[in-house]
Amino acid sequence: MAEPLLVLDGVVKRYDDHTAVHKIDLEIAAGEFIALMGPSGCGKTTTLRMIAGLEAPSEGEIRLRGRRMNDVAPWERDTPLVWQSLALFPFMSVLKNVEFGLKMRNIPAAERTKKAMPWLERVGIAKYRDRKVDQLSGGERQRVALARALVTEPEILLLDEPLSALDAHLVIRMQAELKQLQQQLGITFCYVTHSQSEAFAMADRVAIMAEGRLQQVGPPREVYRAPANRFVAEFVGANNLLSGKVKSIAQGIVMVETAAGIMRARENPLLALLPGDAVTVVVSADRAVVSDSTADGENSLAGTVIGEQFVGAFVTLHLDLGDGSTFRAQLQQHALEPLGQVRGKRLSLRWKPEHTVLLKDK
Amino acid sequence: MSASGTTNTTRRSSLFAWALALPMPVWQTLFFVAALLFLVVMSFWSVQNFRVTPDFTFDNWAKIYSAGYFRVTYVRTVLYALLAATLASLIAFPCAYGLAFKASPLMRRIVVASLIMPYFTSYLVRANSWKILLTDQGVINSVLGTVGLGPLPMTSNLFAVMIGYLTLILPIVILLQYFSLANVDRRLIEAAHNLRCGRVRTVFQVIIPSARTGLILAATFAFILSFGDFVSPSFLGNNKPPTLSVLMVDAVKSGSQWPRAAVVALTMVATLLLVAFLAMNFAYGEKRKRS
Amino acid sequence: MKADRIISLAFKAYIWLALLFVFAPILTSFVFSFDANKFAAIPWGGFSTKWYAEAFGDPEVAKSLRNTVIVALSSSILATLIGFTAAYTDYRYDFFGKKVYLALAFIPPTIPVIILGVAMLVLLGRIGLSGQLHSVIIAHVVYSLPFAMALIRLRLSQMNKDLEAAAWNLGASQWRALKEIIIPFCLPAIFSALFLTMAVSFDEYAIAWFVSGFNETLPVRILILLQREVSPKVNAIGSLVFIVSMTLVMLAQIVFLMREPGSGKGKRI
């Protein structure tokens, strides 16, 4: 098998007083949209800066198309970055900003404009070509930054939280446009974000980082449905976590005893669970069925509704389980209608064993 | 040398770093540090047949330090500079306070801009103008004369010298005091008012202590500038009585007593270093103790 | 409250009084430069421009003015250039001994000019560089480069740190990024520094007095005139010096505060 476009091979980044990145191994294929995701300070931006050559790895190797990049200066790489601060050149016009990369490659002025204009048109800012960048709106500036990075037709585009400064409604639109652009161009996008929804909306694969380490890499669906560890399960958000102890394992079903009762889950042979092991039961918020009948049996809980959040056609209920913990359940609004006014009401929750994920505690 | 932006230490980027880092230290070492060091060397040389000759003698130091007029002049210069720094600090404070707490933003901007200007405009000519204003036939005495007063002696005396010093230092003292007062946390002042701390008490118990570093810095700067000033004692004080700078200029200009001038200059530098050190300790020392 | 208004007014009046003290000598110099009387006094002796004519007719004054212009132009260019490199170094790099590095730049203006003058005379005299215009230029660069450095450093601290890295990222070498990004961004401060260091050199009398020898600059000529005679000619020359240096300092302030669109601050949402 040919070497992937970009390989991070045991990459470590140490500073004087702390280690930002602990030994990362990651392969990024040509043409894929990968999101590096994690809370702030997890090392995702440092990793991106190492790919761009703005930081040198302390250990390990970064290879682009098989070529070792560790000692290649940033200006000798072709890894344009879309900055969180955008970093547009304030004293230049839109066109001059976009032409900058071409100018640095010593392309004659006339040809620069000829190459830059299609990009301005593509991102829809051709009519602002002679404006200064601070005369543009946030969304328009975003597009200048994108055009400026793409004008040299790189194989890989790095993006560092590029949408964090935009209004919420613009973010959704830009996400769709970015995804479409990536598919049309067929180049690799390496996208750093702390937002799960952003990563899941666009990426083919997500790489979740915490404290300088990779926690899980995989398609969004897989990360969502089968979090590799408690951190991922919590970070991915819409999950409910219950601590418990394995009671028995029989016929491919694991019985877990928790404070809220017995939970049943499909056995995962990879975990090699034994009775008595401490485990975390993960239930995705959209897997629980809510009803006003009383809770009974296994994989069932009861709680008092203490809050409702409406987003579009969905509603997230927050239920107080009585032991100090809360459970989130996400359902379609119309499914809530038969229940009437739910706030303060006691409801029951139920889910199937195959929708219960078990994580072995360390 | 390591770059904060990139830790790539290829040969080319270190050439870049050195090319930008070196001009300043090279220039300042060659022409400033070397000059001060050479001044030390020069203070041990001798003058033979009106020519400065390399030597190693403590003669200059001994002669100067044993001379009574030098010691008197030294004390006088220190006292003059202390008086000037005190006067300037006292006169400047209400001005800086008004700027920081009473003036409109527009007025603040105008006043600050106008106070920056004198620092860069000929002190020499300004001192001379004071002479025009202060002499017995000068403008101020003429005005006083019309109401039957005077003439008051206002040149060639301490008053004239102090006017000269203030011309030099007042604008900068006001500015430095203003910058430190402007940085005082407004919430502290409001808190003091809330606790029924009166206006005047607030100034002395809240504002001055919080701005103390800046206030001391301003006074120190005033001391340094007055201590080394030659124009005011020379033109407004008419060289009588002299200060150290007048002695030093005499040693260089009327005769080739460079080694003795070097001794005076070094004594002045040492004094200023000591004052700066003491002032900084006084300004920051207390703070460190408190935190 | 009424008392508050009175207090506030009193403070403002005091501030204007202080300004009057600062600007009285400058005004005096202007007023008496046009006084027909030889000895400045009240009443005024009538309007006359003869002192200006006399000042300009003096070949020594003309020569010293020419010297001053040469010195101010050369030393301001050198000081701004060196100040820029030092400001950039301070902005970008962290290294062992940085405090010493900064002290080297900023100590000279805190040392009395008269001492600097003697020290420079002694050194430059020994290495055969004294008594010429370039001696004054060398000394003025030492004294004025910290002003240039401070202004440019202030401007650099207003720059979005990512700008330079963004230029590298788009293929600009460090030299190229300096030329294409850093220098254009600092341009207002660079001009401001040029004007300010020019003003510093234009007014500097003490160091120049010691090291210029027979190649006097204008401030040195004024000093000599003041020591020699009482002549309103000095007021005429002084008024011109005031106008030139005030113009330079004002230009420095205006250029520095001028915000070309998108200087970056506050726009980083």
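## Strands, a helix pair and a pocket

In the hairpin formed by S4(A) and S5(A), two residues sit between the strands, and Arg65(A) takes a positive phi near 50°. Keep in mind that this is a predicted model. The two strands of that hairpin, S4(A) and S5 (residues 67-68) of chain A, run antiparallel and are joined by two bridges. If you want to find the register, look at Arg63(A), whose bridge partner in S5(A) is Arg68(A).

S4 (residues 59-64) of chain A also pairs with S1 (residues 6-14) of chain A, again in the antiparallel sense, this time over five bridges. Here Val12(A) has Glu59(A) of S4(A) as its bridge partner.

Further along chain A there's an open sheet of five strands with antiparallel pairing, in the order S15-S19-S16-S17-S18. S15 (289-291) and S18 (326-332) stand at its edges with a single partner strand each, so one side of each has no neighbour in the sheet. From one strand to the next, the twist averages 45°. As for the S18(A) edge, seven bridges tie it to S17 (residues 314-320) in an antiparallel run. One of the pairs to check is Phe314(A), which is bridged to Gln332(A) in S18(A).

Here are the chain A strand pairs side by side:

| Strand pair | Sense | Bridges | A bridged residue pair |
|---|---|---|---|
| S1(A) and S4(A) | antiparallel | five | Val12(A) and Glu59(A) |
| S4(A) and S5(A) | antiparallel | two | Arg63(A) and Arg68(A) |
| S17(A) and S18(A) | antiparallel | seven | Phe314(A) and Gln332(A) |

Now for chains B and C. H5 (residues 105-119) of chain B packs with H11(C) at an angle of about 135°, and their axes are 9 Å apart. Roughly antiparallel would need an angle over 145 degrees, so H5(B) and H11(C) count as oblique to each other. The crossing of H5(B) past H11(C) is right-handed.

H11(C) turns up again at a pocket. The second largest pocket has a volume of about 400 Å³. It is lined by 18 residues, and those closest to its centre are Asn128(B), Lys131(B), Ile132(B), Phe39(C) and Val230(C). Helix H6 (123-134) of chain B and helix H11 (233-257) of chain C each supply at least two residues of the lining. H6(B) has the largest share, with three residues.

What is the make-up of the lining in nonpolar, polar and charged residues? The residues divide into eight nonpolar, six polar and four charged.

Conventions: Residues numbered from 1 in each chain as written. Chains lettered and ligands numbered in written order. Predicted model: local features only at pLDDT ≥ 70, side-chain atom pairs only at ≥ 80, totals over all residues. Heavy atoms only, no water. 1 Å grid on protein atoms, 1.4 Å probe; cavity = no way out; pocket = protein on both sides within 12 Å on 5 of 7 lines; lining within 4 Å. Points joined across faces, edges and corners; volume = space filled by probe spheres on them. Helix = DSSP H or I, 4+ residues; strand = E, 2+ residues; numbered from the N terminus. Nonpolar A, V, L, I, M, F, W, Y, C, P; charged D, E, K, R; others polar. Pairing = 2+ DSSP bridges. Axes fitted to C-alpha atoms, helices over the stretch in contact; angles between N-to-C directions. Parallel < 35°, antiparallel > 145°, perpendicular 65-115°, else oblique. Left-handed = near helix turned anticlockwise from the far one by under 90°.
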